[in-house]
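Welcome! Please take a moment to look over the sequence and the model shown here, and then read on for a short guided tour.

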Amino acid sequence: MIANYGFNATLTAKPHMGDRLVDLLLTGLHEGSPGASEHCVVYLVSRSASDPDVVHVTEGWTSEKDHHRIFAGEAAQTIVARIDELLAKEPEYTDYVPVRGKADF
């Protein structure tokens with residue numbers, strides 16, 4: 001499948017909560033979670049090299065419609081609510097239309 005919609009999110013955790021935020025975001029890859037959906041073709045969690053409480057998430061989806069549908073579900077909303085408890089400020093989002101690239105882990 002090809003990503004036709006995506007975004008980057010920058011999340012700033014409360015002081016010393018970066019590890020918990022990363023662990024929680026990675027649960028998004030578990031069976032039944034948003035990142036495990038066949039419509040999510042990229043789900044990458046990264047840390048800032050200079051601030052361990054700043055976490056970046058890159059997602060690529062088959063379509064914006066698929067993303068919104070999956071994130072309206074109970075599994076995604078549960079993760080989002082738990083993420084909000086760890087944040088020091090509102091996340092910053094940049095949406096985009098993927099052109100081409102590679103991810104090989």
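Does Asp66 count as buried or exposed, and at what relative accessibility? Asp66 counts as buried, because its relative accessibility is 14% and the cut-off for buried is under 20%. Keep in mind as you read that this is a predicted model.

## Asp66 and helix α2

Asp66 is part of helix α2. The side chain of Asp66 reaches that of Thr62 in a polar contact of 2.5 Å. Apart from neighbours within four places in sequence, Asp66 has contacts with His39 and Trp61.

Asp66 has company in α2, where His67, Ile70 and Phe71 are buried too. These buried residues sit on the same side of α2, because they cover an arc of only 120 degrees around the axis. Among the elements that cover them are β1, β3 and α3.

## Helix α3

Next comes helix α3, which runs through residues 74-86 and has 13 residues. At 1.5 Å a residue, α3 should span 18 Å, and this agrees with the 19 Å between its end C-alpha atoms.

Which residues of α3 are buried? They are Ala76, Ile79, Ile83 and Leu86. Viewed down the axis of α3, these residues fall within an arc of 75 degrees, so they line one face of the helix. Glu74 and Glu85, on the other side of α3, are exposed. The buried residues of α3 pack against three elements: β1 (5-12), α1 (18-26) and α2 (64-71).

## The nonpolar core

A general tendency helps here: in soluble globular proteins, nonpolar side chains tend to be buried together. In this model, the largest nonpolar core has 22 residues. Leu11, Leu21, Leu25, Trp61 and Ile83 are the ones with the most contacts inside that core. At least two residues of the core come from each of β1, α1, β2 (40-47), β3 (54-61), α2 and α3. Two of the names may be familiar by now: Trp61 is in contact with Asp66, and Ile83 is among the buried residues of α3.

## Aromatic rings

How many aromatic pairs does a search of the whole structure find? It finds three. In one of them, the ring centres of Tyr5 and Phe7 are 6.4 Å apart and the planes are at 50 degrees, so the pair is tilted. Tyr5 is buried, with a relative accessible area of 12%, and Phe7 is buried as well, with 7%. Together with Tyr93, Tyr5 and Phe7 form one aromatic cluster.

## Pro98 and the start of the chain

Pro98 is found in the segment after β4 (92-96). With a relative accessible area of 26%, Pro98 is partly exposed. Along the chain, Pro98 and Ile2 are 96 residues apart, yet their C-alpha atoms are separated by 8.9 Å.

Which residues does Pro98 touch, if those up to four places away in sequence are not counted? They are Ala3, Asn4, Tyr5 and Gly6. This list includes Tyr5, a member of the aromatic cluster.

## A loop residue to look at

Last on the tour is His16, in the loop between β1 and α1. His16 has a positive phi of about 65 degrees, although it is not a glycine. His16 counts as exposed, because its relative accessibility is 75% and the cut-off for exposed is over 50%.

Notes:
Residues are numbered from 1 along each chain as its sequence is written. This is a predicted model: local features need pLDDT of at least 70, side-chain atom pairs count only at pLDDT 80 or more; totals for chains, interfaces and linings use all residues. Side-chain values use heavy atoms; hydrogens and water are left out. Helices (H or I, at least four residues) and strands (E, at least two) are DSSP runs, numbered from the N terminus. The expected span of a helix is 1.5 Å times one less than its number of residues. Buried means under 20% relative accessible area, exposed over 50%, partly exposed in between (1.4 Å probe, protein chains only). The arc is that of the directions from the helix axis to the C-beta atoms. Contact means heavy atoms within 4.5 Å. A polar contact is a pair of N or O atoms within 3.5 Å; within protein, one must be able to donate a hydrogen and the other to accept it, and residues adjacent in sequence count only if both atoms are side-chain atoms. Rings of Phe, Tyr and Trp (its six-membered ring) pair if their centres lie within 6.5 Å; planes under 30 degrees apart count as stacked, over 60 as edge-to-face and the rest as tilted. A nonpolar core is a set of buried Ala, Val, Leu, Ile, Met, Phe, Trp, Tyr and Cys residues joined through side-chain atoms within 4.5 Å.
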